[in-house]
Amino acid sequence: MFIYEKTNQEVLLIHLHGFASSVKSSKVSIIRDFAITTGKFSFFAMDMDYQSTTTSKVLEVLDALVK
């Protein structure tokens, strides 16, 4: 699961949380709401479940976002 709020084409904030957290945390909710309300940046966060997420998977997603 991931969250992507495209509110600003020029600025993207990528939130990489710890493996014990998720995109449903209060921190992600606050940042997401701020991005939507202000439009100052787009926001991306992805689940990084320690049982299924690999470094390679995270790097592939980051590479796609940067491009």
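Which strands does helix α2 lie across, and at about what angle does helix α2 run to β3?

1. **Helix α2.** Helix α2 covers residues 55-66. Helix α2 lies across β2 and β3. Its direction is at about 165° to β3. Keep in mind that this is a predicted model. Every angle and distance in this note comes from predicted coordinates.

2. **Confidence.** The mean pLDDT of the chain is 89. A score of at least 70 is reached by 97% of the residues. Confidence is highest in α1, at a mean of 95. Confidence is lowest in α2, where the mean is 88. As a reading rule, predicted coordinates should not be read in detail where pLDDT is low.

3. **Overall layout.** The chain has two helices and three strands. Along the sequence they follow the pattern β-β-α-β-α. The radius of gyration is 12 Å, close to the 11 Å that the globule rule gives for 67 residues, so the chain is as compact as a globular protein of that length. The C-alpha trace spans about 35 × 30 × 15 Å along its principal axes. Of the 67 residues, 25% count as buried.

4. **Contacts along the sequence.** Take the contacts in the chain with a separation of 6 or more. Residues 24 or more positions apart account for 67% of them.

5. **The sheet.** The three strands form an open sheet. Their order is β1-β3-β2, and the pairing is mixed. The edge strands are β1 (2-5) and β2 (12-15), each of which pairs on one side only. From one strand to the next, the twist averages 10°.

6. **How the strands pair.** β3 is made of residues 42-46. In which sense does β1 pair with β3, parallel or antiparallel? The sense is antiparallel, over four bridges. Two bridge partners illustrate the register. F2 is partnered by M46 in β3, and Y4 is partnered by F44 in β3. On the other side, β2 and β3 run parallel, and four bridges join them.

7. **Strand β3 is enclosed.** Why can β3 be called largely enclosed by the rest of the structure? Five of its five residues are buried, so the description fits. In a regular strand, side chains alternate between the two faces of the sheet. Here, S42, F44 and M46 point one way from β3. F43 and A45 point the other way. Look at both groups in the viewer: all of these residues are buried.

8. **Helix α1.** Helix α1 covers residues 26-38. Helix α1 lies across β1, β2 and β3. It runs at about 160° to β3.

9. **H15, a residue to inspect.** H15 belongs to strand β2. H15 stands opposite A45 in β3. Is H15 buried or exposed? Buried is defined as under 20% relative accessible area. H15 has a relative accessibility of 14%, so it counts as buried. Leaving aside residues up to four places away in sequence, H15 touches K27, V28, I31, F43, F44, A45 and M46.

10. **Salt bridge R32 to E5.** How many salt bridges does a search of the whole structure find? It finds two. One of them joins the side chains of R32 and E5, at 2.6 Å from N to O. R32 lies in helix α1 and E5 in strand β1, so the pair ties together parts that are 27 residues apart in sequence. E5 counts as buried because its relative accessibility is 17%. R32 counts as partly exposed, at 31%.

11. **Salt bridge K67 to D63.** The side chains of K67 and D63 also meet in a salt bridge. The distance here is 3.2 Å, N to O. K67 is exposed, because its relative accessible area is 76%. D63 counts as partly exposed, at 40% relative accessibility.

12. **What to take away.** Start from β3 when you view the model. The order β1-β3-β2 gives the layout of the sheet. β1 pairs with β3 in the antiparallel sense, whereas β2 runs parallel to β3. Then add the helices: α1 lies across β1, β2 and β3, and α2 lies across β2 and β3. Last, find R32 and E5, whose side chains meet in a salt bridge.

Note on methods:
Residues numbered from 1 in each chain as written. Predicted model: local features only at pLDDT ≥ 70, side-chain atom pairs only at ≥ 80, totals over all residues. Heavy atoms only, no water. Pairing = 2+ DSSP bridges. Axes fitted to C-alpha atoms, helices over the stretch in contact; angles between N-to-C directions. Contact = heavy atoms within 4.5 Å. Salt bridge = Lys/Arg side-chain N within 4 Å of Asp/Glu carboxyl O. Buried < 20%, exposed > 50% of the residue type's maximum accessible area, 1.4 Å probe, protein only. pLDDT = per-residue confidence, 0-100. Rg over C-alpha atoms; globule rule 2.2 N^0.38 Å.
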